[in-house]
Amino acid sequence: MLKHLKKLFSKSVDDNEIKIHLPSNEKATFELKIDKIVIGKLLCEDGVWKFMYTDEFKTLQNQYNHIPGFSKLDKVYSNDTLWPFFQTRIPGLKQPAVKEILRKEKINETNELELLKRFGKKTISNPYELDLV
């Protein structure tokens, strides 16, 4: 039973599963917020994710912690895969309720951006909100 539950909620990728990716033609901007303060911006364009802190956060940095994995305030982070901090907002796609949402809303389960748009606003793993702008 426990093995079955782990399989349902896991995000591991088997050889038979479709891999999630960011299509190169997608563009979007998200704001990462806490207490109505915009901490940073997450952008995607041309198949690349970018994250940077806002000037507002830089002035308040002594009141808030840096985001795990993003220790440098003035750096524009760039990666072709979504960082774990943001990836945790996408639930396991094998969950029946998630499968139903994907089917009903016609969301492509391989499109990382579409999944983040749908499921990324809140997570139980941290207090930040991620808003599409």
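Colleague: Happy to look at this with you! What covers the buried residues of α5?

Modeller: Gladly, and keep in mind that this is a predicted model. The buried residues of α5, which spans 112-119, are Glu 112, Leu 113, Leu 115, Leu 116 and Phe 119. What covers them includes two helices, α3 (84-87) and α4 (96-104), together with the strands β1 (27-34), β2 (37-45), β3 (48-53) and β5 (129-132).

Colleague: Why are those buried residues of α5 on the same side of the helix?

Modeller: An α-helix has 3.6 residues a turn, so residues three or four places apart point the same way. Here the buried set is Glu 112, Leu 113, Leu 115, Leu 116 and Phe 119. They are on the same side of α5 because they cover an arc around the axis of only 160 degrees.

Colleague: Nice. Which residue caps the N-terminal end of α5?

Modeller: Look for a side-chain oxygen that lies 3.0 Å from the backbone nitrogen of Leu 113. The residue that supplies this oxygen is Asn 111.

Colleague: Let's turn to the sheet. Which strands stand at its edges?

Modeller: The sheet is open, has five strands with antiparallel pairing, and follows the order β4-β3-β2-β1-β5. An edge strand has a single partner, so one side of it is left without a neighbour in the sheet. That describes β4 (77-79) and β5.

Colleague: And what angle does the direction of α5 make with that of β1?

Modeller: Within the sheet, the twist from one strand to the next averages 20 degrees. Helix α5 packs on this sheet and touches β1, β2, β3 and β5. Between the directions of α5 and β1 the angle is about 35 degrees.

Colleague: Could we walk across the strands from Thr 29? Which residue stands opposite Leu 43 in β3?

Modeller: Of course! Strands β1 and β2 pair in the antiparallel sense over eight bridges, and Thr 29 has Leu 43 of β2 as its bridge partner. Next, β2 and β3 run antiparallel and are joined by six bridges. In β3, the residue opposite Leu 43 is Lys 50.

Colleague: Which residue in the turn between β2 and β3 has a positive phi?

Modeller: These two strands form a hairpin, with two residues between them. In that turn, a positive phi of about 55 degrees belongs to Asp 46.

Colleague: One more: which residue of β4 stands opposite Trp 49?

Modeller: Trp 49 is one of the residues that touch the most other members of the largest nonpolar core, which has 34 residues. Strands β3 and β4 run antiparallel, joined by three bridges. Opposite Trp 49, in β4, stands Asn 79.

Notes: Residues are numbered from 1 along each chain as its sequence is written. This is a predicted model: local features need pLDDT of at least 70, side-chain atom pairs count only at pLDDT 80 or more; totals for chains, interfaces and linings use all residues. Side-chain values use heavy atoms; hydrogens and water are left out. Buried means under 20% relative accessible area, exposed over 50%, partly exposed in between (1.4 Å probe, protein chains only). Helices (H or I, at least four residues) and strands (E, at least two) are DSSP runs, numbered from the N terminus. The arc is that of the directions from the helix axis to the C-beta atoms. Contact means heavy atoms within 4.5 Å. A polar contact is a pair of N or O atoms within 3.5 Å; within protein, one must be able to donate a hydrogen and the other to accept it, and residues adjacent in sequence count only if both atoms are side-chain atoms. A nonpolar core is a set of buried Ala, Val, Leu, Ile, Met, Phe, Trp, Tyr and Cys residues joined through side-chain atoms within 4.5 Å. Two strands pair if DSSP finds at least two bridges between them. Axes are lines fitted to C-alpha atoms, for helices over the stretch in contact, and angles run from 0 to 180 degrees between N-to-C directions.
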